[in-house]
Amino acid sequence: MKEKKANIAVLVSGTGTNLQAIIDAQKSGVIKSGEIKLVISNKKDAYAITRAQDAGIKTTVITKQEYGEEFENRITEVLNENSIDLIVLAGFMVILTRRFTETFKNRIINVHPSLIPSFCGEGFYGLRVHKAALRKGVKVTGATVHFVNEIPDGGEIIEQKAVRVYPGDTPEKLQKRVMRQAEWKILPKAVETISERIIDNEHL
Ligand code: GRF
């Protein structure tokens, strides 16, 4: 087993099922090159915080209401204080500025519930993504893990997985299938891939 691990921070806003998938993958050994050191939520009532606490992970709440213009600076400060190597956006409902994404270039990854470049970019989040997929009538959708840059959902693709759309699907049904069959699988996998790259000091 490798001694050095990448220090991971997971940024969340909601229920945290993707965070749970990463926690579980760490426990089962799927993620072995990184360790979740910190969970940051921009919502004080996010259930993801409870999941992190239950797993014994340190949590911090940083809200725009409290920090205003200093919101991203505060996040940066906390990430640096904890020597974070890899930032995982797992249902983090905030679009980050170019300044932030450039500070952590090739160190931020996100999971998006479609096969990018379909149904992505500004305005495509949560159920809206699945509604758009059903409206278009696609037979296959899926999820993507990608690096985060200044363009929403525009960074380099790391992992993708396709999921069938069935007749009679509702946005809610499709969302659940995409999570279960794709997001919860490819996000932990990508976390391990990038953590390993970081500790091996590969050129990113
Ligand atoms: C997921 O569908 C993710 O792809 C999107 O937001 C949702 C978050 O769900 N970015 P959860 O908080 O991980 O349960």
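This text walks through a predicted model, from its sheet to the helices packed on it and then to its two largest pockets.

Start with the sheet. Seven strands build it, and the sheet is open. Read across, the order is β3-β2-β1-β4-β5-β6-β7. The pairing is mixed. Now look at the two ends of that order. Strand β3, residues 58–61, stands at one edge, and β7, residues 157–164, stands at the other. Each has a single partner strand, so one side of each is left without a neighbour in the sheet. Across the sheet, neighbouring strands are turned against each other by 20 degrees on average, direction ignored.

Go next to the β7 edge. Here β7 pairs with β6, which covers residues 140–147. The two run in the antiparallel sense, and seven bridges join them. One pair to find by eye is H146 and its bridge partner in β7, I157.

Two helices that pack on this sheet deserve a look. Helix α1 spans residues 17–28. It touches β1 (6–12), β2 (34–41), β4 (86–89) and β5 (108–112). The direction of α1 makes about 160 degrees with that of β2. Helix α7 spans residues 171–199. Its contacts are with β1, β2, β4, β5, β6 and β7. The direction of α7 makes about 160 degrees with that of β7.

Both helices return at the largest pocket. Along with strand β5, α1 and α7 each supply at least two residues of its lining. This pocket holds about 790 Å³ of space. Its lining counts 36 residues. To find the centre, look for G91, F92, M93, N110 and Y125, which lie nearest to it. What is the chemical make-up of this lining by class? There are 15 nonpolar residues, 17 polar ones and four charged ones.

The second largest pocket has a volume of about 200 Å³. Its lining has 13 residues. Those nearest the centre are E69, E72, N73, T97 and R99. Which elements give two or more residues to this lining? They are helix α4, residues 71–81, and helix α5, residues 98–103. Of the elements, α4 gives the most, with four residues. By class, the lining of this second pocket has four nonpolar, five polar and four charged residues.

Technical notes
Residues numbered from 1 in each chain as written. Predicted model: local features only at pLDDT ≥ 70, side-chain atom pairs only at ≥ 80, totals over all residues. Heavy atoms only, no water. Pairing = 2+ DSSP bridges. Axes fitted to C-alpha atoms, helices over the stretch in contact; angles between N-to-C directions. Contact = heavy atoms within 4.5 Å. 1 Å grid on protein atoms, 1.4 Å probe; cavity = no way out; pocket = protein on both sides within 12 Å on 5 of 7 lines; lining within 4 Å. Points joined across faces, edges and corners; volume = space filled by probe spheres on them. Nonpolar A, V, L, I, M, F, W, Y, C, P; charged D, E, K, R; others polar.
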